[in-house]
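Let's walk through this one together, question by question. Have the picture open beside you as you read.

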Amino acid sequence: MRDDRSLPVRGHTILAVPRQRPSRIAAPSPVRRLAAAAGAPGANPAASADLAADGHDADEPSADVLADEAQDLTNGDLARAFHEIGDILEVQGEIQFKTIAYHRAADAIGRSPIDLVAAYRTGIAPKIAGIGQAIGDKITEYVTTGRMLYLERLRSEVPATLVELLRLPGMGPKTVRQVHEELGIEDMAGLKLAAQEGRLRTVRGLSEKTEKLVLEGIARLESEPPRRLYLHQAEEHIDALTTFLTTVPGVTSVEAAGSYRRRKETIGDLDLLAETTDPAALMERFTQLGGRPDVVARGGHKSAIRLHRGPQVDLMVMPPGSAGPYRLHFTGSKEHNVRLRAMARDRGWSLSEYGFQRIGEDGEILTGADAELKTFPTEDEAYAFLGLPFIEPELREDDGEIEAALAGTLPTLITKADLRGDCHTHSDWSDGREPLEVLVEAARRRGYAYQVITDHTQSLAIANGLTPDRVEEERAVIAALNERFAAEEAAGTAPPETPPEGFRLLHGCELEVRADGELDYEDDLLARFDVVVASVHVSRRQPRAELTRRTLNAIRSPHVDVIAHPAGRMIQARDDLDLDWEAVYEAAARNGTALEMNGSPHRLDLSPERARRALAAGCILTIDSDAHNTRELDDTRWGVAQARRGWVTKDDVLNTRSRADLLAWVGAKERRVSG
Ligand SMILES: [Zn+2]
Ligand SMILES: [Zn+2]
């Protein structure tokens, strides 16, 4: 774009109009916001004259300025525009599904590896989930004219600084509207002042308590560390990025490294490694990704960008034949690599991403004629150079894996293919979102031999827990489904994924451990379930002794087979239950009650550290999805990943066993407890 051209702006001629990005529509000038807030769009001649003199026009642009800016649009601009629409509609009190639709579309656009601006300009819109006709029309309007009249109209109705207040506790859309209308509050600073001065309580429905909440919320926002990605969010980004970057000419491979490859519970930055014959082309496309992201760093073989409302992504090009040390270096962990470097030094080498370089007596890397570099195309070979076998990424934390590797005692880690069933799933009989019939069909297609349906029990009313009567009804439905499966298997019409032992639904429940420690069903009802999974959901703030007593009560029951999500944690959202863990492991091992590794990326509970301790204490584990819809059935992959981080093998996990063995184990619980 030209930086030296004269452009006519509202009758003036301004020299050297600076390149404006993001475009006007994506970032309203403060002047426009103020004007809009004052209820008089564009009505501030003094301010606009000031800005014009400064070289920034603040008023209605001419058609060709807009057309020029439209040329410059990116996916990021589109995403920002739709998030803004969603936010403004929320403040206006628009019905929720409408606001969610805009945010969802914005997320889809932000993540899309396709240059949507270019695509929509061709007139053939790509099919993208979450982008329907109405939103597609707005994209077309925006990319062809540089304007989105709908957004401009909304902006004239609600200032952006007001929309931001939605992030505070106690500030719902209706309240934001009220404080704006009644107190003239425009932004966070204004709200803070009003709360400090005790003026919020003059608004109907608000009180001293609201003021306290707001001030606490502002303080927290000011001090908050940036949120990290959950594993499934990191996966979505990585899938989209690798799919896109693989299409760049010259690229032969793109893979994830870093903490995602090690499957840490949460992920900060994403690290990608690529092999290509044309690094320049790859760096060019990467730093233009989805239009134009924030470029953090740019080089010939390494660049970093920050995705809109997303993480930073580092991309490194691996030199041919050097993938081994590159993968080691960028996978980490730092602690694991420190150990490897020390081992290399002991052998007279310096280890970096480039490979092993000879060092001299003084420990410095040799140069000139003495220089020597050994590098390897695979990690196996790089480890072998240090006298080590391959170490799985999930183990690379310097938590005993080097010693085990040297001693030849590394575990053979469990894989997802080892799972023969899922012991914790919810249908719409309780709080699942899909009918039993739909959920079970999806489980059958996964090649399982069994799926335990564990709808919630009666006292968990919020999750539509089942009364004993409804349990009986559900049992009948399950029996009928199993009859059908048996008939299909006999007739050879069952899904091809069906294992030789066939597939059966098992009737279970997620049994509530009540606040007083009592179990939510009578013993005779519990005895009739195939599998009982028990959990603590309520009264989580009790003292440690009380919480431990409740958990032990479930563990010792002759009818409880699995303790679900034992720590009750929600990653980045809710603390663990305060339990005497050693007592829990000991009782679980002695009574033969399995402890769950819950696969929900928000839970991942047991944590790997606890799983490892539990195994050392002699416990057995399950790895379950806790699915509330068919898509979440695959959350077992995160459970397996955490199990691998906890050194778990196939033999440590109950649901790697056949259905007959599982049922035999369940059937023996009563004997284990009394014996
Ligand atoms: Zn639960
Ligand atoms: Zn559950």
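Q: Which residues touch the most other members of the largest nonpolar core?
A: Keep in mind that this is a predicted model. Its largest nonpolar core holds 98 residues. The ones touching the most other members are Leu272, Ala274, Ala534, Ala588, Ala614 and Leu621.

Q: Which helix gives this core its largest share of residues?
A: The largest share comes to five residues. They sit in the helix that spans residues 231–245, and that is H13.

Q: Which residues does Leu621 touch, not counting residues up to four places away in sequence?
A: Leaving out those sequence neighbours, we can just read off the contacts of Leu621. They are Ala594, Leu595, Met597, Ala611, Ala614, Val648, Asp652, Val653 and Leu654.

Q: How many residues are in the second, separate core?
A: This one stands apart from the core we just looked at. Leu116, Ile131, Leu200 and Ile218 are among its members. In total, the second core has 41 residues.

Q: How many residues of strand E15 are buried?
A: Try looking at the two faces of the strand in turn. Arg504, Leu506, Gly508, Glu510 and Glu512 are buried on one side, and Leu505, His507, Cys509 and Leu511 are buried on the other. For E15 (residues 504–512), that makes nine of nine.

Q: In which sense do E14 and E15 pair, parallel or antiparallel?
A: Strand E14 covers residues 450–456 and shares seven bridges with E15. In one of the pairings, Val452 has Leu506 in E15 as its bridge partner. The sense of the pairing is parallel.

Q: What is the handedness of the crossover from E14 to E15?
A: Follow the chain out of E14: it passes through helix H21 (residues 468–491) before reaching E15. That makes a β-α-β crossover, and its handedness is right-handed.

Q: How far does H21 reach from its first C-alpha to its last?
A: H21 has 24 residues, and at 1.5 Å a residue you'd expect 34 Å. The model comes close to that, with a reach of 35 Å.

Q: Which residue in E16 is the bridge partner of Glu512?
A: E15 also runs parallel to strand E16 (residues 531–535), and five bridges join them. For Glu512, the partner in E16 is Ser535.

Q: Why is one side of E10 and of E12 left without a neighbour in the sheet?
A: Here we move to an open sheet of three strands with antiparallel pairing, in the order E10-E11-E12. Strands E10 (349–352) and E12 (373–374) stand at its edges, so one side of each has no neighbour in the sheet. The reason is that each of them has a single partner strand.

Q: At what angle does helix H17 run to E10?
A: E10 pairs with E11 (residues 355–358) over four antiparallel bridges, and Trp349 stands opposite Arg358 in E11. Helix H17 (residues 334–346) lies across E10 and E11. Its angle to E10 is about 155°.

Q: Which residues does the cis peptide bond with omega of about 0° join?
A: Most peptide bonds are trans, so a cis one is worth a look. One partner, Ser333, lies in the loop between helix H16 (323–331) and H17. The bond joins Gly332 and Ser333.

Q: Is Arg263 buried or exposed?
A: Arg263 lies in the loop between helix H14 (258–261) and strand E5 (266–267), and it has a positive phi of about 60° although it is not a glycine. The cut-off for buried is 20 or more other C-beta atoms within 10 Å. Arg263 has 21 such neighbours, so it counts as buried.

Q: Why does Asp398 count as partly exposed?
A: Asp398 is in the loop between helices H18 (379–385) and H19 (401–407), and its phi is also positive, at about 50°. Partly exposed sits between the buried cut-off of 20 or more and the exposed cut-off of 12 or fewer. Asp398 counts as partly exposed because its number of C-beta neighbours inside 10 Å is 16.

Q: Which elements do the buried residues of H26 pack against?
A: Nine of the ten residues of H26 (residues 636–645) are buried, so this helix is largely enclosed by the rest of the structure. Trp638 and Val640 are among the buried ones. They pack against H13, E13, E18, H25 and E19.

Technical notes
Residues numbered from 1 in each chain as written. Chains lettered and ligands numbered in written order. Predicted model: local features only at pLDDT ≥ 70, side-chain atom pairs only at ≥ 80, totals over all residues. Pairing = 2+ DSSP bridges. Helix = DSSP H or I, 4+ residues; strand = E, 2+ residues; numbered from the N terminus. Contact = placed C-beta atoms within 7 Å. Axes fitted to C-alpha atoms, helices over the stretch in contact; angles between N-to-C directions. Core = buried A, V, L, I, M, F, W, Y, C linked by C-beta atoms within 7 Å. Right-handed = clockwise from strand over helix to strand, strands pointing away. Expected span 1.5 Å × (residues − 1).
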